[in-house]
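Me: Could you take a close look at one part of this structure for me? I'd like to hear about a single sheet, and how its strands are put together.

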Amino acid sequence: MRTVIVGGGVVGLTTAYELARRGHDVTVIEAGRCGAGASHGNAAKIAIAESTPVPAPGVLLQGIRWMLKPDSPLSIRPSLAPGYLKFLLQMATHCNARDFEAGLDLHLRLGEDANDLFDEYQTQGIDFEMHDRGVLLAFETRERFDEHCASLPAFEAAGHRPQRLHDDEVREAEPALSDRIRHGLFFPADRQIEPDSLTAGLLAKLADLGVVVRENTRVGRFIRSGDAVTAVVTADAEVISTDALVIAAGVPSGAMAAELGQKLPIYSGKGYSIDYSPAPIQLRTSLTLEDARVAVTPLDGMLRLAGTMEFGSKDDGVNDVRVGAIRRSAQEAFRDWGEGAGEQAPWAGSRPMTPDGLPVIGRIDSVNNAYINSGHSMLGLTLAPGSARLLAGLITDGGSTLPDDLLDRVSPNRF
């Protein structure tokens, strides 16, 4: 079965791997360089402990309050674009406790095998950097700590039971922290992955499996015959025939689906990251500075800071004010941060967001052989292997690793 996958990020490449293992003749088309977008600049971790959906009680109201604060963790840029306004209004309807709890449950179900699947990847010969340091969610205030603890029953029901730490216990878990950090939740199962090494490892394995990867190749249009896509035409007018199409192109996935007659509200949520090499401090574990919403991930020879959520941005340009806020969070949270020696050029990029905060996985109604695997927000690395295995099963034999009610919740036809 000939299958074309549009998108060479971690979601597209893991999908290509799962389909190639099932005997598909796979071609991956990537507009730029594989893994160079959100897959490159992410927080570099399997974030099971942070699998909460973005729409949460009070989130948009907090964003509106922060609109005049340029260095806030959440930014909503006002826009009169009808589609964008509708997206925000739809997101507002999901900022309630019931949808939040249901979305968290789905993310935990979809990501429950993430560690095992990445272990399988390495056993199957995919070479990449992975660590097993757990994650410490670090809080300055008891208010933020208690607010986060309200979601712990869902994590504990799924087998993720954090250690609750206070005052000196927090610094015993991570000695580099300053006295500013008063409370913590330590989740031992979370992993860290250097994302560029994962991209390289997947590409090498795909080459071994005979997958054709076309980088710097833009899609011009799709050719349809009746209710099926029969070919993808590149911007250079090359025609690539296919029996099935998978769109895994991040934010552009919505526009591509629209060309096939399917409306998908996928919009950009811009994020930032800064790498330090060599690392200015040595850490025992990875962390998330919860009050600033900044992830701190130690890797081989480097340290990554990642954070902020910016709705309404039209490009991937770096905002120095927001980068400064990320730097300042590290200066305040760590004793010996100093000037942050070893800082590399900051990165900014778009993450694919949906109004209900859930990924989009499955076949679209408008075409009987076209599928979507996108909309993973900040959990692309965490959910990629589970999403890839789910979609590969749906395409190959119609089987699903999720029950029907949860499958309906990630369906592209739910909007």
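Reply: Here's a walk through one sheet, then a helix on it, and a pocket to finish.

Keep in mind that this is a predicted model. The sheet is an open one built from six strands, and if you go across it you meet them in the order β10-β2-β1-β14-β21-β20. The pairing is mixed. In general, strands of a sheet pair through backbone hydrogen bonds, and they can do that parallel or antiparallel.

Now the two ends. β10 (212-214) and β20 (360-363) sit at the edges, and each has a single partner strand, so one side of each has no neighbour in the sheet. From one strand to the next, the twist averages 15°.

Zoom in on one pair: β14 (residues 244-247) and β21 (residues 370-374) run parallel to each other, with three bridges between them. If you want a spot to click on, Ile247 stands opposite Ile372 in β21. Helix α13 (residues 380-396) packs on the sheet, where it touches β14, β20 and β21. The direction of α13 makes about 170° with that of β21.

While you have the model open, have a look at the second largest pocket too, which holds about 420 Å³ of space. It's lined by 23 residues, and the closest to its centre are Pro73, Asp291, Ala292, Ser329 and Glu332. Helix α12 (residues 320-333) gives the most to that lining, with seven residues. Sorted by class, the lining has ten nonpolar, three polar and ten charged residues.

How values were computed. Residues are numbered from 1 along each chain as its sequence is written. This is a predicted model: local features need pLDDT of at least 70, side-chain atom pairs count only at pLDDT 80 or more; totals for chains, interfaces and linings use all residues. Side-chain values use heavy atoms; hydrogens and water are left out. On a 1 Å grid over the protein atoms alone, a cavity is a set of points where a 1.4 Å probe fits but cannot get out, and a pocket is an open set with protein on both sides within 12 Å along at least five of seven lines; lining residues have an atom within 4 Å of a point. Grid points are joined across faces, edges and corners, and a volume is the space filled by probe spheres set on the points. Helices (H or I, at least four residues) and strands (E, at least two) are DSSP runs, numbered from the N terminus. Ala, Val, Leu, Ile, Met, Phe, Trp, Tyr, Cys and Pro count as nonpolar, Asp, Glu, Lys and Arg as charged, and the others, Gly among them, as polar. Two strands pair if DSSP finds at least two bridges between them. Axes are lines fitted to C-alpha atoms, for helices over the stretch in contact, and angles run from 0 to 180 degrees between N-to-C directions. Contact means heavy atoms within 4.5 Å.
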